[in-house]
Amino acid sequence: MSNIGSYEERVKNFNWKISEDELSYNAGDVINIGWYCSDRICQMGKADKLAMIWEGLGGKEKKYTFDDVRIKSNVIAQFLRDLGIKNEDRVCLFMDKIPELYFGCLGILKIGAIAQPLFSAFGDESLHVRLENAETNTIITQKKHVSKVRKILEKMPYLKHIVVVDDDGRKPLRERELAFNMDEAEDVNQFEIFPTKAESPSILHYTSGTTGQPKGVKHVHYSLISQYLTTKWVLDLQENDIYWCTADPGWVTGTSYGIIGPWSLGITQCVLDTGFGADSWYRFIEKNKISMWYSAPTAIRSLMKAGDEVVEKYDLSSLRHLASVGEPLNAEAVIWSEKVFGLPFYDTYWQTETGSMMICNFPGMKVKPGSMGKTVPGVTGGIVDPETFEEITEPNKGGLIAFRPGWPAMMRSYWNNEETYQSKFKNGWYIPGDKSTIDGDGYFWFMGRDDDIINTGGHLVSPFEVESALLEHESIAESAVVAKPDMVNMEVVKAFVTLNAGFKPTEELELEIMNFIRKRLSPLAMPQEIEYLEKLPKTRSGKIMRRLLRAQEWGEEIGDTSTLEDD
Ligand code: PRX
């Protein structure tokens with residue numbers, strides 16, 4: 001029997017109080033995610049239950065019980081409190097998926113500070129804009145990433161401490177750097193958790209927009225109410241499950257469903273801190289007897305590409321439920337997974353801003369391959385007309401996805417950017433910026449984004465950020481960045497550039513530019529192709545027409561070009 005039981009019944013009788021009651025939370029109480037994910041689980045008699053099975057490079061393994069999670073997060077919390085970090089200070093987590101990242105996140109929350117997780121593959125420029133925007137007080141990182149912080153240190157007077165978790169402290173440390181070893185620190189058994197309330201800020205995730213710099217999406221501790229219940233009902237996690245969320249906590253899936261969801265339910269989860277590999281992933285499932293697996297379409301398509309023979313080498317019979325998020329999950333991938341695993345991937349749709357799942361395929365519900373499913377109980381959603389923002393009730397007609405605000409995990413603002421935050425609300429709806437249809441049975445079918453943001457392998461990349469970074473290369477005069485189709489990543493970044501006088505459009509230069517972006521921004525933002533043009537298409541007012549270049553890449557109709565600049 002699934003946790004949700006009947007979807008229709010749940011929708012009919014829904015109240016967020018169901019989640020509050022299960023978490024013994026009453027309005028006005030203290031609510032701290034760090035406590036809920038560790039201390040509470042121990043108090044419920046699960047102190048000795050395994051919370052995390054971690055595997056790093058070379059098969060190195062570490063295991064932690066819920067009591068370990070409680071103590072280790074206390075150790076980090078105490079260390080931060082001793083440094084003088086206060087509630088609502090921003091503390092960045094800039095690490096690979098090592099145990100310190102997970103315990104650090106809970107430790108930051110336990111002192112009431114705001115956790116700002118950033119993807120460790122970010123280059124110095126990506127790191128800088130995000131730390132600057134949040135005026136981050138402290139960054140917790142590893143030796144292998146500290147050079148990126150050193151590079152931008154001068155520009156960040158507000159950054160007081162750089163905590164390096166794997167420094168043995170033997171070599172003298174540089175300015176503002178501190179060595180911290182979680183395993184050697186003395187246990188902190190009792191820690192006075194900061195009494196955060198429902199609306200106290202918890203996590204600040206940065207997400208890319210079409211224009212301007214990335215936006216800091218502010219979440220609050222009350223988000224737990226949605227994250228707990230959706231983990232229970234959609235991912236269907238049950239007491240004896242072994243769960244694997246493949247996402248990195250540098251992105252929202254890795255925190256909402258890679259830390260908060262499973263641990264607030266007291267579930268054992270696995271973390272694999274190595275890159276993607278079909279063999280290594282299947283081996284990981286076999287070895288740990290993973291039963292619930294939450295992943296992403298690009299990974300699924302890569303597994304498909306690796307072939308069915310690889311699947312057959314492993315015993316994957318422990319799997320009982322699969323789910324996916326982050327980008328369109330094509331019907332072929334669902335059909336393939338049914339064939340090779342005997343289980344379909346259940347698609348889920350949501351965003352950094354929504355904080356928790358919004359449209360899903362639920363256990364027990366008929367999966368229509370290629371559809372995102374139906375709205376989560378407690379969420380009112382539909383599609384609206386892009387001009388009037390009136391709801392479209394006619395089946396199979398395209399429009400913008402829209403949700404009525406008010407679910408617990410909804411973002412509370414964009415950091416220091418109230419104007420953009422307000423612009424997301426129209427006619428009483430929150431508009432996530434995606435297009436969809438809804439069929440006669442209430443299933444959503446994703447059509448595409450309503451803006452120029454590139455979704456590559458489930459990660460959003462802002463064309464604006466890449467274009468700005470390109471202009472910093474000495475050879476580039478102008479740039480336009482669009483998505484180009486890709487079999488595995490669905491979309492990849494493509495750049496069109498014009499060169500400054502004296503530069504030749506060579507292959508060497510193309511590689512040099514690609515590398516430049518990889519280092520400054522990230523491997524995800526790196527253009528997979530650079531096309532040299534004499535001139536970029538522009539409107540008469542001088543705005544570059546990305547739409548035209550994109551249409552050309554996708555073989556689509558170019559549409560209205562009446563505003564195009566004359567030759
Ligand atoms: O365009 C949608 C796409 O990813 C965007 C959200 O990206 P992000 O904030 O990085 O969060 C990703 C993980 C929650 C959405 O606006 N997206 C997400 N899930 C799906 C999707 N597109 C199609 N199908 C999905 N299931």
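# A guided tour of two domains and their interface

Welcome! About 1900 Å² of area is buried between domain 1 and domain 2, and carbon and sulfur atoms give 55% of it. On the domain 1 side, Glu125, Ser208 and Thr210 supply 27% of the area that this domain buries against domain 2, more than any other three residues. Keep in mind along the way that you are looking at a predicted model.

**Stop 1: the two domains.** Select residues 7-438 and give them one colour; this is domain 1. Then select 452-554 for domain 2 and pick another colour. Taken over C-alpha atoms, the centres of domain 1 and domain 2 are separated by 29 Å.

**Stop 2: where they touch.** Now zoom in on the boundary between your two colours. Here 25 residues of domain 1 are in contact with 22 residues of domain 2. Polar contacts join 10 residue pairs between domain 1 and domain 2, counting pairs with both residues at pLDDT 80 or more. Two helices are worth selecting on the domain 1 side: H7 (124-134) and H12 (297-306) each supply at least two of the residues that touch domain 2. Which helix gives the largest share of that side? The answer is H7, with 5 residues. If you colour the domain 1 side by class, you will find 7 nonpolar, 12 polar and 6 charged residues.

**Stop 3: salt bridges across the interface.** Stay at the interface of domain 1 and domain 2, where there are 2 salt bridges. Next, show the side chains of Arg520 and Glu125, which meet in a salt bridge with an N to O distance of 3.3 Å. You have met Glu125 already, as one of the three residues named for their share of the area that domain 1 buries.

**Stop 4: a sheet of nine strands.** Switch to a cartoon view and look for an open sheet of 9 strands with mixed pairing. Follow the strands in the order E2-E1-E11-E10-E12-E13-E14-E15-E16. At the edges, E2 (61-65) and E16 (374-375) each pair on one side only. Then select 292-295 and 321-325: these are strands E12 and E13, paired in the parallel sense over 4 bridges. Show Trp293 as sticks, and you will see this residue standing opposite Leu322 in E13.

**Stop 5: a link between distant parts of the chain.** The structure holds 37 salt bridges. For one more, select Asp39 and Lys110, whose closest N and O atoms are 2.9 Å apart. Asp39 lies in helix H4 (residues 39-46) and Lys110 in helix H6 (residues 99-110), so to speak two ends of a pair 71 residues apart.

Notes:
Residues numbered from 1 in each chain as written. Predicted model: local features only at pLDDT ≥ 70, side-chain atom pairs only at ≥ 80, totals over all residues. Heavy atoms only, no water. Domains from an automatic or database assignment. Contact = heavy atoms within 4.5 Å. Buried area = accessible area lost by both parts, 1.4 Å probe. Salt bridge = Lys/Arg side-chain N within 4 Å of Asp/Glu carboxyl O. Polar contact = N/O pair within 3.5 Å; in protein donor to acceptor, adjacent residues only side chain to side chain. Nonpolar A, V, L, I, M, F, W, Y, C, P; charged D, E, K, R; others polar. Pairing = 2+ DSSP bridges.
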